[in-house]
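Trainee: I would like a close look at one part of this model. Please take me through the empty space inside, and then through what packs around the rest.

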Amino acid sequence: MHSTDLLQFIAAHGYAALALILATGLIGLPVPDEVLLTFAGFLTWQGIVHLPGTAASAFLGSCSGITLSYVMGRGIFRRIADRVLRRAMESGKLAQAARWMDQYGGWALFFAYFFPGIRHVAAYVAGVGRMAFHRFAKWAYAGAALWVLTFLFLGRWLGPRWHVVERWMHHWTLWAAVVFVAVTAIGLWLLRRVRPVRNRS
């Protein structure tokens with residue numbers, strides 16, 4: 001579905017449409033999330049929809065999508081990752097990597113929303129990395145709230161000029177891809193250097 005069709009769908013069906021599209025976008029489907037949120041903010045500026053209802057539906061849709069991704073990460077994707085990684089790494093390193101994810105992965109989840117492409121896999125990685133759900137929820141839902149409000153208010157502030165975000169996102173996506181590749185390379189390098197966990201008497 002083209003982005004114009006998505007915008008028309010949101011304009012016609014309001015809160016439920018926004019929540020549904022954002023949920024599917026965070027699962028991994030190719031949805032221009034920031035553009036949709038900015039457009040929704042513009043609709044609140046026009047008075048077509050109300051800001052509290054728009055913010056609530058966008059937040060619930062985002063949380064639903066990222067939670068489903070986390071659950072899938074802890075399920076089938078975790079089993080696949082375990083089989084692949086166990087062939088290349090020692091069990092001690094896997095345990096250490098899981099602890100690192102649980103300890104430091106929160107900030108990555110929080111800021112991942114602002115990087116297209118990265119946010120779509122962040123929850124899967126958290127699930128595969130065995131991050132505890134309460135930590136996942138705390139960071140992921142806080143990040144969702146900040147992300148949603150940022151682009152909704154940006155749409156209200158820009159008003160009829162909200163289209164500039166669509167052009168801006170094309171450039172931002174390219175830089176986000178560069179950052180993603182760099183962070184992934186550094187993460188893999190660090191993962192290879194993790195020392196096996198030794199039992200202490």
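Mentor: Start with the cavity. This predicted model holds one cavity of 30 Å³ or more. The space in the largest cavity comes to about 40 Å³. Rolling a probe the size of a water molecule over the atoms shows where empty space is left.

Now the lining. The residues that line the largest cavity are Ile10, Gly14, Tyr15, Leu18, Ala40, Leu43, Val49 and Thr54. By class, six of the lining residues are nonpolar and two are polar, with no charged residues. Two helices, helix 2 (15–27) and helix 3 (33–46), each supply at least two residues of this lining.

Follow Thr54 next, since it is on the lining list. Its backbone oxygen lies 3.0 Å from a polar atom of the Ser57 side chain. Ser57 sits in helix 4, which covers residues 51–74. Ser57 has a relative accessibility of 8%, so it counts as buried; the cut-off for buried is under 20%. Setting aside neighbours within four places in sequence, Ser57 is in contact with Tyr15, Leu18 and Ala19. Tyr15 and Leu18 are also among the residues that line the largest cavity.

Stay in helix 4 for a second serine. Ser69 has its place there too. Its relative accessible area is 0%, so Ser69 is buried. Leaving out residues up to four places away in sequence, Ser69 touches Leu26, Ile27, Ala123 and Tyr124.

Now move from the empty space to the packed part. The largest nonpolar core has 41 residues. Those with the most contacts inside this core are Ile10, Leu37, Ile66, Leu109, Tyr113, Phe136 and Trp147. Helix 1 (3–13), helix 2, helix 3, helix 4, helix 6 (91–112), helix 7 (119–128) and helix 8 each supply at least two residues of the core. Helix 8 gives the most, with nine residues. In soluble globular proteins, nonpolar side chains tend to be buried together. Note Ile10: it is named among the core residues with the most contacts, and it also lines the largest cavity.

Phe136 is a good place to look closely at the core. It lies in helix 8, residues 133–158. Phe136 is buried because its relative accessible area is 0%. Its contacts, apart from neighbours within four places in sequence, are Ile66, Thr67, Tyr70, Leu109, Ala123, Ala126, Met131 and Tyr141. Ile66 and Leu109 are themselves among the core residues with the most contacts. Ala123 is also one of the residues that Ser69 touches. Then check Gly105. Phe136 and Gly105 are 31 residues apart in sequence, with their C-alpha atoms 8.4 Å apart in space.

Last, set these parts in the whole protein. The secondary structure comes to nine helices and zero strands. Along the sequence the pattern reads α-α-α-α-α-α-α-α-α. Of the 201 residues in the protein, 44% are buried. Take contacts between residues at least 6 apart in sequence: 82% of them join residues at least 24 apart.

Note on methods: Residues are numbered from 1 along each chain as its sequence is written. This is a predicted model: local features need pLDDT of at least 70, side-chain atom pairs count only at pLDDT 80 or more; totals for chains, interfaces and linings use all residues. Side-chain values use heavy atoms; hydrogens and water are left out. Helices (H or I, at least four residues) and strands (E, at least two) are DSSP runs, numbered from the N terminus. Buried means under 20% relative accessible area, exposed over 50%, partly exposed in between (1.4 Å probe, protein chains only). Contact means heavy atoms within 4.5 Å. A polar contact is a pair of N or O atoms within 3.5 Å; within protein, one must be able to donate a hydrogen and the other to accept it, and residues adjacent in sequence count only if both atoms are side-chain atoms. On a 1 Å grid over the protein atoms alone, a cavity is a set of points where a 1.4 Å probe fits but cannot get out, and a pocket is an open set with protein on both sides within 12 Å along at least five of seven lines; lining residues have an atom within 4 Å of a point. Grid points are joined across faces, edges and corners, and a volume is the space filled by probe spheres set on the points. Ala, Val, Leu, Ile, Met, Phe, Trp, Tyr, Cys and Pro count as nonpolar, Asp, Glu, Lys and Arg as charged, and the others, Gly among them, as polar. A nonpolar core is a set of buried Ala, Val, Leu, Ile, Met, Phe, Trp, Tyr and Cys residues joined through side-chain atoms within 4.5 Å.
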